[in-house]
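This report describes one protein structure, starting with its strands and helices and moving on to its hollow spaces. The sequence and the model are shown first.

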Amino acid sequence: MAEEALIVIDVQNDFCPGGALAVAGGDEVVPVVNRLIQLSPHVILTQDWHPAGHSSFASTHPGEVPFATITMPYGEQTLWPDHCVQGSPGADFHPGLEWTTAELVVRKGFRTEIDSYSAFFENDHRTPTGLAGYLRERGISKVKLCGLATDFCVAFSALDAVAQGFSTSVVLGACRGIDLNGSLAAMTQRMRDAGVTLV
């Protein structure tokens, strides 16, 4: 067990009901995630941490609306409502999340010009967060993921974890998805095809 880490993805107020980018049932994962945390020898959390005026916000692009897609220098980018702005209550972890045993918090999306879904890389798929190196230095070879949202930050994190050589599983009962234009089914299949174990 000691070589396995639990990675809790973005269980933040803005992704829960009442938040700026609420995932349906997002708060339902909290008790399930808390049980996983209690059972895990190593716990890592990610936190969406955007500066105001981030390039992924629809409000930054005149005439654009949330959930539209634009082309950025690094590829296609979905535009979102302003969310998880640094230091705002929406960026805080859900108050019910029992995260005090976490050994590391990875903040992502803090560069104004590029979004970051994955816990491992920004959306250019080249700029690392440093998480892979941290896990290797700690002797961790297996990762278990949970959190929000299944079809974006959880899935991209899981795909990158496999690509980086980690044995990777996703606890679907501790995740909730956005399901934007069929993204939940598509990304679930992509995870399966890549060798992610879905439990």
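Helices are DSSP runs of H or I with at least four residues, strands are runs of E with at least two, and both are numbered from the N terminus. Helix H3 is followed by Gly165, whose phi is positive, near 95°. The model is a predicted one.

**The sheet**

Six strands form an open sheet in the order S5-S2-S1-S6-S7-S8, with parallel pairing. Strand S5 (104–108) and strand S8 (197–198) are at the edges with a single partner strand each, so one side of each has no neighbour in the sheet.

Strand S2 covers residues 43–48 and is joined to S5 by five bridges, the two running parallel. Within this pairing, Asp48 has Lys108 of S5 as its bridge partner. S2 also pairs with S1 in the parallel sense, over four bridges. Here Val8 stands opposite Leu45 of S2.

Is S2 covered or open? It is mostly covered, as six of its six residues are buried. Val43, Leu45 and Gln47 point one way from the strand, while Ile44, Thr46 and Asp48 point the other way.

**The helices on the sheet**

Helix H1 (residues 29–39) lies across strand S1 (4–9), S2, strand S6 (142–148) and strand S7 (167–176). Its direction is at about 145° to S7. Helix H3 (residues 150–163) lies across S1, S5, S6 and S7, and runs at about 170° to S6.

Of the 14 residues of H3, 12 are buried, so this helix is largely enclosed by the rest of the structure. Among the buried residues are Phe152, Cys153 and Phe156. The buried residues of H3 pack against S1, S5, S6, S7 and H4.

**A residue in a loop**

Gln86 is found in the loop between S4 and S5. Buried means under 20% relative accessible area and exposed means over 50%. Gln86 has a relative accessible area of 34%, so it counts as partly exposed. Leaving aside neighbours within four places in sequence, Gln86 is in contact with Trp49, His50, Pro51 and Phe110. Pro51 is 35 residues away from Gln86 along the chain, yet their C-alpha atoms are separated by 5.6 Å.

**Pocket and cavity**

The largest pocket has a volume of about 340 Å³. It is lined by 18 residues, and those nearest its centre are Glu76, Thr78, Tyr117, Phe152 and Phe156. The elements giving two or more residues to this lining are strand S4 (75–78), H3 and helix H4 (183–194). S4 gives the most, with four residues.

The structure also holds one cavity of 30 Å³ or more. The volume of the largest cavity is about 120 Å³. Its lining has 15 residues, of which Phe15, Asp48, His83, Tyr117 and Cys153 are the closest to its centre.

The table lists both linings by residue class.

| Space | Nonpolar | Polar | Charged |
|---|---|---|---|
| Largest pocket | eight residues | eight residues | two residues |
| Largest cavity | nine residues | three residues | three residues |

Some residues from the earlier sections return here. Asp48, which is buried in S2, is one of the residues closest to the centre of the largest cavity. Cys153, buried in H3, is another of these. Phe152 and Phe156, also buried in H3, are among the residues nearest the centre of the largest pocket. Tyr117 is listed near the centre of the pocket and of the cavity.

Note on methods: Residues are numbered from 1 along each chain as its sequence is written. This is a predicted model: local features need pLDDT of at least 70, side-chain atom pairs count only at pLDDT 80 or more; totals for chains, interfaces and linings use all residues. Side-chain values use heavy atoms; hydrogens and water are left out. Two strands pair if DSSP finds at least two bridges between them. Contact means heavy atoms within 4.5 Å. Axes are lines fitted to C-alpha atoms, for helices over the stretch in contact, and angles run from 0 to 180 degrees between N-to-C directions. On a 1 Å grid over the protein atoms alone, a cavity is a set of points where a 1.4 Å probe fits but cannot get out, and a pocket is an open set with protein on both sides within 12 Å along at least five of seven lines; lining residues have an atom within 4 Å of a point. Grid points are joined across faces, edges and corners, and a volume is the space filled by probe spheres set on the points. Ala, Val, Leu, Ile, Met, Phe, Trp, Tyr, Cys and Pro count as nonpolar, Asp, Glu, Lys and Arg as charged, and the others, Gly among them, as polar. Buried means under 20% relative accessible area, exposed over 50%, partly exposed in between (1.4 Å probe, protein chains only).
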